[in-house]
Amino acid sequence: MTLPDHSHTDGAIVLFSGGQDSTTCLAWALKHYEKVETLGFDYGQRHKIELAMRPTLLQTLRQQYPEWDSKLGMDHIIDLSLLGQMSSTALTENVAITMQENGLPNTFVPGRNLLFMTVAATLAYRRGLNVLVGGMCETDFSGYPDCRDDTMKALQVTLNLGMATHFKLETPLMWINKCQTWQLAQNLGGQALVDLIRTETHTCYLGERGELHDWGYGCGTCPACQLRARGYREFVTPRKQKA
């Protein structure tokens with residue numbers, strides 16, 4: 001059997017949930033790489049509506065940005081329901097969002113990003129891609145240990161040792177806050193991309209899409225909504241002052 005050659009590829013696979021961060025990372029990857037594929041996971045999340053947003057986002061990106069259309073390849077959905085079966089968290093069960101004794105919110109799904117990246121590496125290996133792109137961030141986050149830069153660097157080493165590859169893990173949002181994430185989206189795709197992210201992506205942990213706020217859809221009270229709303233309002237404030 002001939003194994004894929006990763007030594008000269010210029011292709012990326014993006015962890016694409018259908019949320020603000022992953023959509024921004026997808027745009028970033030489309031700016032930087034000639035071949036980009038997307039990967040989403042169904043792990044029994046309460047906010048599964050994010051998965052329903054993905055096809056619209058991908059189609060709109062193709063239509064609005066013809067230069068990205070030719071780069072955007074296959075979309076993959078992987079069933080990781082076992083993760084939801086093993087976890088008892090506010091992201092996989094209908095329970096209130098609270099802080100735990102270990103200092104982490106009960107929205108933390110243990111091992112989620114580690115498993116996501118490992119599956120992405122496995123798929124990338126077979127697809128001949130050498131870059132794994134994720135929206136992990138330790139600037140505006142809930143303290144999740146699997147979002148840390150050290151974790152991603154260690155995982156990159158582990159994956160490459162275990163697969164005899166030269167994967168590169170890219171985390172474009174690692175050192176920027178939510179305001180800067182909105183700004184990055186504007187830099188990458190202009191106001192059209194900002195508007196697409198605001199109206200079509202989903203971030204709310206509770207899966208609420210009943211009311212369109214200035215920052216997008218969501219309950220407005222969960223940690224994800226609060227981060228997104230605060231970042232958006234910080235992003236638009238300087239523009240209002242200039243006007």
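1. Surface first: the protein exposes about 11,100 Å², and carbon and sulfur atoms supply 51% of that (Shrake-Rupley areas, 1.4 Å probe). Keep in mind that this is a predicted model, where local features need pLDDT of at least 70, side-chain atom pairs count only at pLDDT 80 or more, and totals for chains, interfaces and linings use all residues. Numbering runs from 1 along each chain as its sequence is written, and side-chain values use heavy atoms, with hydrogens and water left out.

2. Of the 243 residues, 51% count as buried (under 20% relative accessible area; exposed is over 50%, 1.4 Å probe, protein chains only).

3. The largest nonpolar core (buried Ala, Val, Leu, Ile, Met, Phe, Trp, Tyr and Cys residues joined through side-chain atoms within 4.5 Å) has 67 residues, and Leu-26, Leu-132 and Leu-193 touch the most other members. Helix α7 (residues 178-200) gives the most to this core, nine residues. Helices here are DSSP runs of H or I, at least four residues, and strands are E runs of at least two, numbered from the N terminus.

4. Leu-132 is worth a click: beyond neighbours within four places in sequence, its contacts (heavy atoms within 4.5 Å) include Ile-13, Met-117, Leu-159 and Phe-167.

5. Now for α6 (residues 149-163). Its buried residues are Asp-149, Met-152, Leu-155, Leu-159 and Asn-160. They fall within an arc of 130 degrees seen down the axis, so they line one face of the helix (arc taken from axis-to-C-beta directions). Their cover includes α5, β4 and β5, while Asp-150, Leu-161 and Gly-162 are exposed on the other side.
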